[in-house]
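Here is a quick tour for anyone meeting this fold for the first time. Have a look at the picture below, then read on.

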Amino acid sequence: MKRPRRIPMRILPRMQHPKANKSLGQHFLHQRFVAERIVQLLEIGPQDRVLEIGPGSGALSGLLKAAKPACLLLVEKDGYWAVERHKAGDGQVILMDAMQFAWNRITPEFPWKIIGNLPYNVASPLLWDIASQAGGLQRAVCMVQKEVALRVIASPGTKNYGALSVWLQSFMQPRLIFTVGSGAFTPPPKVDSAVVLFVPLPLAQRVQQPGKLASLLKICFQNRRKQLQSIFRLHNREYALPILRELDINPKYRPEHLEPELFQKLSMRLY
């Protein structure tokens, strides 16, 4: 009996997915019931346009497709997974870094819903851009590192309250819905995750000149342990002190004591 001919490795079909790319912060969700809960939160209707950030191995993509939105757009940076999602017919696939996506194309006249298991290394700046640029965002559901989620929803006067809290809450109402343990992912991360629901504020309630708010948050939270009066003197903005009094803000307060609305009012007076 002849021995079977050995097939060269180069023509063997790939039998398993490649390892997660650490540089891209990849951790693939494998628990279906978690994926189902996340997709349900987006409340997809037949007229909705849905954009998924970083679909990867497709844990959410198939469920999103099954919900039958009017349009499903998948933004994937990893070439391998972009091809896999295209082969699966999960939606229209764009091979690009979500950090480079033109979020300002999401307008009130062309609204979208956004979903994604965001890479830990870019979640904060990505949410920052989406909040301020995607004026037509209808709803977003994102899974992020639990530590980031706690910063997103933090209230004034708490240790997690910072620039990211103020910024996002000036555009949206974020709610931490549930946490996800590391065992739900392959490979398991060293930290827990959390699913956050973002509901945009009415247009009239959102910060109108975000550039001014961003400038104020930068100088304040770079010196978060200092009093406001010290921060403004340090940055040669002594003219801010009478403005603080006019807005009934105690000059001895530290930045974490101010609510988002006060930051917005102060930014409009200072810049």
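How many disulfides does the structure hold? Zero. A disulfide is a covalent bond between the sulfur atoms of two cysteines. Take Cys142: it is in no disulfide, and the nearest cysteine sulfur, belonging to Cys71, is 18 Å away. Cys142 also counts as buried, because its relative accessibility is 1% and the cut-off is under 20%.

**The overall picture**

Keep in mind that this is a predicted model. The average pLDDT of the chain is 90, and 90% of the residues score at least 70. The start of the chain is another story: over residues 1–16 pLDDT stays under 50, and the model has two contacts beyond four places in sequence for that stretch. Where pLDDT is low, the predicted coordinates should not be read in detail.

The chain has 271 residues, of which 45% count as buried. Its secondary structure comes to ten helices and nine strands. Measured out along its principal axes, so to speak, the C-alpha trace spans about 95 × 40 × 30 Å. Among contacts with a separation of 6 or more, 66% are between residues 24 or more positions apart.

**Strands side by side**

Now for the sheet pairings around β2, β3, β4 and β5. The table lists the parallel pairs, each with its bridges and one pair of facing residues.

| Strand pair | Bridges | Facing residues |
|---|---|---|
| β2 and β3 | five | Ile53 and Val75 |
| β3 and β4 | four | Leu74 and Val93 |
| β2 and β5 | four | Val50 and Lys113 |

Strand β2 pairs with β3 and also with β5 (residues 112–117). Four of the five residues of β2 are buried, so the strand is largely enclosed by the rest of the structure. In a regular strand the side chains alternate between the two faces of the sheet.

What links these strands along the chain? β2, helix α2 (residues 61–66) and β3 make a right-handed β-α-β unit. Then β3, helix α3 (residues 79–88) and β4 make a right-handed β-α-β unit too.

Strand β3 also holds Glu76. Is Glu76 buried or exposed? It counts as buried, because its relative accessibility is 5%. Leaving out residues up to four places away in sequence, Glu76 touches Gly54, Pro55, Gly56, Trp81, Ala82, Ile94, Leu95 and Met96. Gly135, 59 residues from Glu76 along the chain, has its C-alpha atom 22 Å from that of Glu76.

**Two nonpolar cores**

In soluble globular proteins, nonpolar side chains tend to be buried together. Here the largest nonpolar core has 53 residues, and Trp103 and Phe263 have the most contacts inside it. Helix α7 (residues 210–221) gives the most to this core, with six residues. There is also a second, separate core of 23 residues, which includes Val34, Leu41, Ile115 and Met143.

Which residues does Phe263 contact, leaving aside neighbours within four places in sequence? They are Tyr161, Val166, Leu213, Leu216, Leu217, Cys220, Phe221, Pro255 and Leu258. One of them, Cys220, is buried, with a relative accessible area of 0%.

Gln264 lies in helix α10 (residues 260–270). With a relative accessible area of 16%, Gln264 is buried. Beyond four places in sequence, Gln264 touches Ser170, Gln205, Val207 and Leu213.

**A few backbone oddities**

Most residues other than glycine have a negative phi, and most peptide bonds are trans. Three spots in the loops are worth a look with that in mind.

Glu43 is in the loop between α1 (32–41) and β2 (49–53), and its phi is positive, about 50°, although it is not a glycine. Asn236, in the loop between α8 (228–234) and α9 (240–246), has a positive phi near 55°. Asn236 counts as exposed because its relative accessibility is 61%, and the cut-off is over 50%.

Finally, a cis peptide bond joins Thr186 and Pro187, with omega about -10°. Pro187 lies in the loop between β8 (185–186) and β9 (193–200).

Methods:
Residues numbered from 1 in each chain as written. Predicted model: local features only at pLDDT ≥ 70, side-chain atom pairs only at ≥ 80, totals over all residues. Heavy atoms only, no water. Pairing = 2+ DSSP bridges. Right-handed = clockwise from strand over helix to strand, strands pointing away. Core = buried A, V, L, I, M, F, W, Y, C linked by side-chain atoms within 4.5 Å. Buried < 20%, exposed > 50% of the residue type's maximum accessible area, 1.4 Å probe, protein only. Contact = heavy atoms within 4.5 Å. Disulfide = S-S within 2.5 Å. pLDDT = per-residue confidence, 0-100.
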